[in-house]
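Here is a short briefing on one protein chain. Please look over the sequence and the structure before reading the notes.

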Amino acid sequence: MRGLPWSVSAHAKDIWTSEPWEATEKLATVPAGDLHGPGPAAPARAGAKPERLNLVYHGLDFAHLPAPPAARSRRDGSDAADPVVVLSIGRKVEKKGYGDLLDALAKLPKTLAWRFEHVAR
């Protein structure tokens, strides 16, 4: 509406379950810019012209975070003072499967020390 440049965010449903002609039609109106997608096949599957778009992967940029420790943790859930941490980042919507995850966590042995942390997007 204001003539400003814009970008496209293509998720799994947009790319893998939509008809290719539909994505091609939508991308034909996108000015040169960024296509936010799940992987390198996304632009081709969506009918994007590679010379017009840059693929920007979905996910987190870890570049600004400290490097992980050289040695892996020996945490195995046997020490209640040092529980295994199950970390989840995402929207709390049914299609993400959090119900299944919570059901699975509820089935873990009662002797296993763990903690679930969720960061909502």
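The notes below go from the whole chain to a surface patch, one strand and the salt bridges.

The model is predicted. The chain has 121 residues, and 19% of them count as buried. It contains 4 helices and 5 strands.

**Overall layout**
- Along the sequence, the elements run β-α-α-β-α-β-β-α-β.
- Among contacts with a separation of 6 or more, 50% come from residues 24 or more positions apart.
- About 9600 Å² of the chain is exposed. Carbon and sulfur atoms supply 58% of that area.

**Nonpolar surface patch**
- A nonpolar patch on the surface consists of Leu60, Phe62, Leu65, Val85, Leu87, Ile89 and Val119.
- Together these residues have about 640 Å² of accessible area.
- Strand β4 spans residues 84–90 and gives the most to the patch, with 3 residues.
- Val85 sits in strand β4 and is one of the patch residues.
- Val85 has a relative accessible area of 34%, so it is partly exposed rather than buried. Patch residues need over 30%, and Val85 passes that cut-off because its value is 34%.

**Ser88 in strand β4**
- Ser88 also belongs to strand β4.
- Is Ser88 buried or exposed? Its relative accessibility is 8%, and the limit for buried is under 20%, so Ser88 counts as buried.
- The side chain of Ser88 makes a polar contact of 2.7 Å with the side chain of Tyr98.
- Beyond its neighbours within four places in sequence, Ser88 touches Tyr98, Phe116, Glu117, His118 and Val119.
- Two of these contacts link to other topics here: Val119 is part of the nonpolar patch, and Glu117 takes part in a salt bridge.

**Salt bridges**
- How many salt bridges are there? The count is 2.
- One joins the side chains of Arg75 and Asp82, at 3.0 Å from N to O.
- Arg75 is partly exposed, at 38% relative accessibility. Its partner Asp82 is partly exposed too, at 32%.
- The other joins the side chains of Glu117 and Arg115, at 2.7 Å from N to O.
- Glu117 has 33% relative accessibility and counts as partly exposed. Arg115 is partly exposed as well, with a relative accessible area of 39%.

Notes:
Residues are numbered from 1 along each chain as its sequence is written. This is a predicted model: local features need pLDDT of at least 70, side-chain atom pairs count only at pLDDT 80 or more; totals for chains, interfaces and linings use all residues. Side-chain values use heavy atoms; hydrogens and water are left out. Patches are made of residues with over 30% relative accessible area and no salt bridge: like charges are joined within 9 Å, nonpolar side chains (Val, Leu, Ile, Met, Phe, Trp, Tyr) within 5 Å. Accessible areas come from the Shrake-Rupley method with a 1.4 Å probe; for residues, only the protein chains shown count as cover. A salt bridge is a side-chain nitrogen of Lys or Arg within 4 Å of a carboxyl oxygen of Asp or Glu. Helices (H or I, at least four residues) and strands (E, at least two) are DSSP runs, numbered from the N terminus. Buried means under 20% relative accessible area, exposed over 50%, partly exposed in between (1.4 Å probe, protein chains only). A polar contact is a pair of N or O atoms within 3.5 Å; within protein, one must be able to donate a hydrogen and the other to accept it, and residues adjacent in sequence count only if both atoms are side-chain atoms. Contact means heavy atoms within 4.5 Å.
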